[in-house]
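Colleague: I would like to learn how to read the packing of helices and sheets in a model of this kind, and I would be glad if you took me through it one feature at a time.

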Amino acid sequence: MALLDVRDIEVRFGGVVALDGLSFDVAAGEICALIGPNGAGKTTMFNVVSRLYEAQAGHVTFDGQDLLALPPHKIAKIGVARTFQNLALFPALTVLENVMVGAHIEGKVGFISSMLRIGSATEEKRLRSECREILDRMSLGHLADRPAFGLPFGTLKRLEFARALASRPKLLLLDEPANGLTHGEVDELGDTIKHIRDEFDLTILLVEHHMSMVMAISHMVVVMDFGRKIAEGTPDQVRDDPVVIEAYLGTPA
C-alpha cells in the first residue's frame, strides 16, 4: 500500500484552476519527484499535503489516515515534514537551536519555554542530545554551537534538512532544495538526499527543476502541466515520453 495516496485533487483560486484532478501515489521508501513548468501546480500540491491550502475536491491519504481531515498543526505529529523554497531559519539562533525548533513537536514542553528554561529540564536535555545526534549524522555537529548567521548557503540547506528531520518524519517534502546552489553543490545535494532517505528511513516527495539531479535520484517521476498530470513513471520512462519532451524537457538538439 502506498504511504501517500493522492486522488482527484482540485484546487481553485477564484476562477483559476491550480490543480485539476491530480492523482498519484508514493510508495514507502521511494523518492518521488514532481516536475513541470513554472505554474504547473507543484508547490500548490505540497501546500495541500502540508495543509496550508484547502482542496475543493479529492482525497489525500497518508499512512492510512485522511490527511485533509486533519488541522495543519497535526500534520507534523503524524509524520509529515517539509522544507520551503526560501530558507526559513533563525540567523541569531545557534545551529543546534534551529534544529530544536523542529524537535519541539516531539516533547511536552514547547520550544520557547525550553529556551527560557521553563518546564522540564530533563526533556530539554533529551531534545538537545537528540538534535546533536542529528547534526552529527548530517556532518554538522562541529557547527552546533555557532550562530546560523554567516554560514555558507549549502550548509544552511543541510541545516534546514536537519531541522525537518528533528520532527522524526516518515514523509519529507522537499520544495526546490537545489534553488540557489552551484552545479557542484547540486551534485552534493543529490547524494545528501539519498543519504538521509537511507539513514532516516524516509519517503521523499521532491519538487525540483534540476533535471539531472531528479533523474539521478528518483524512483518515480510525476510530470505536471497546468495543474494536471501528463505523465508518470521511472526516470527513463519519463525522459523518453514525447508528451513530456514537448511540454517540458524540450526536443534534444
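Modeller: Let us begin with the words for helix orientation: angles under 35 degrees count as roughly parallel, over 145 as roughly antiparallel, 65 to 115 as roughly perpendicular and the rest as oblique. Please keep in mind throughout that this is a predicted model.

Colleague: At what angle do helix H5 and H6 pack, and how far apart are their axes?

Modeller: Helix H5 (residues 153–165) and helix H6 pack at an angle of about 15 degrees, and their axes are 11 Å apart; H5 and H6 are therefore roughly parallel to each other. Their crossing is right-handed, and the contact is made by Gly-154, Arg-158, Phe-161 and Leu-165 on the H5 side, with Glu-185, Leu-189, Thr-192, Ile-193 and Ile-196 on the H6 side. Sorted by class, the contact of H5 with H6 has five nonpolar, two polar and two charged residues.

Colleague: Ile-193 is in that contact, so I would like to read a single residue as well; why does Ile-193 count as buried or exposed?

Modeller: The test is relative accessible area, with buried meaning under 20%. Ile-193, whose place is in helix H6, has 0% relative accessibility and therefore counts as buried. Leaving aside neighbours within four places in sequence, Ile-193 is in contact with Ile-31, Phe-161, Leu-174, Pro-177, Ile-204, Leu-206, Met-213 and Ile-217. For one of these contacts, Leu-174, the C-alpha atom is separated from that of Ile-193 by 9.4 Å, although the two residues are 19 residues apart along the chain.

Colleague: How does one read the other helix pairs, and at what angle do the axes of H2 and H4 cross?

Modeller: The axes of helix H2 (residues 95–103) and helix H4 (residues 121–137) come within 9 Å and cross at roughly 110 degrees, and that makes H2 roughly perpendicular to H4. The crossing of H2 and H4 is right-handed; in it, Val-95, Leu-96, Glu-97, Val-99, Met-100 and Ala-103 of H2 meet Glu-124, Leu-127, Arg-128, Cys-131, Arg-132 and Leu-135 of H4. The residues of this contact divide into eight nonpolar, no polar and four charged.

Colleague: And which residues of H2 and H5 make the contact between those two helices?

Modeller: Taking the geometry before the residues, the axes of H2 and H5 come within 6 Å and cross at roughly 40 degrees, and H2 and H5 are therefore oblique to each other. H2 passes H5 in a right-handed crossing, with Val-95, Asn-98, Val-99, Val-101 and Gly-102 of H2 and Leu-159, Ala-162 and Arg-163 of H5 making the contact. By class, the contact of H2 with H5 comprises five nonpolar, two polar and one charged.

Colleague: Turning to the sheets, in what order do the six strands of the open sheet stand?

Modeller: The six strands form an open sheet in the order E6-E7-E8-E3-E9-E10, with mixed pairing; the edge strands are E6 (80–82) and E10 (228–233), each of which pairs on one side only. From one strand to the next the twist averages 20 degrees. Within this sheet, strand E3 (residues 31–35) and strand E8 (residues 203–207) run parallel and are joined by four bridges, and Leu-34 stands opposite Val-207 in E8.

Colleague: Which strands does helix H6 lie across?

Modeller: Helix H6 (residues 183–199) lies across E3, E7 and E8, running at about 155 degrees to E8. Helix H1 (residues 42–49) lies across E3, E6, E7, E8 and E9, running at about 145 degrees to E7, and H1 also lies across E1, E2 and E4, at about 70 degrees to E2.

Colleague: What is the strand order in the sheet of four strands?

Modeller: Four strands form an open sheet in the order E2-E1-E4-E5, and the pairing is antiparallel. Strands E2 (16–26) and E5 (65–66) stand at the edges with a single partner strand each, so one side of each is left without a neighbour in the sheet. E1 and E2 pair over eight bridges and form a hairpin with two residues between them, where Gly-14 in the turn has a positive phi of about 65 degrees. Five bridges join E1 to E4, with Arg-7 opposite His-59 in E4.

Technical notes. Residues are numbered from 1 along each chain as its sequence is written. This is a predicted model: local features need pLDDT of at least 70, side-chain atom pairs count only at pLDDT 80 or more; totals for chains, interfaces and linings use all residues. Side-chain values use heavy atoms; hydrogens and water are left out. Two strands pair if DSSP finds at least two bridges between them. Axes are lines fitted to C-alpha atoms, for helices over the stretch in contact, and angles run from 0 to 180 degrees between N-to-C directions. Contact means heavy atoms within 4.5 Å. A crossing is left-handed if the near helix is turned anticlockwise from the far one by less than a right angle, and right-handed if clockwise. Ala, Val, Leu, Ile, Met, Phe, Trp, Tyr, Cys and Pro count as nonpolar, Asp, Glu, Lys and Arg as charged, and the others, Gly among them, as polar. Buried means under 20% relative accessible area, exposed over 50%, partly exposed in between (1.4 Å probe, protein chains only).
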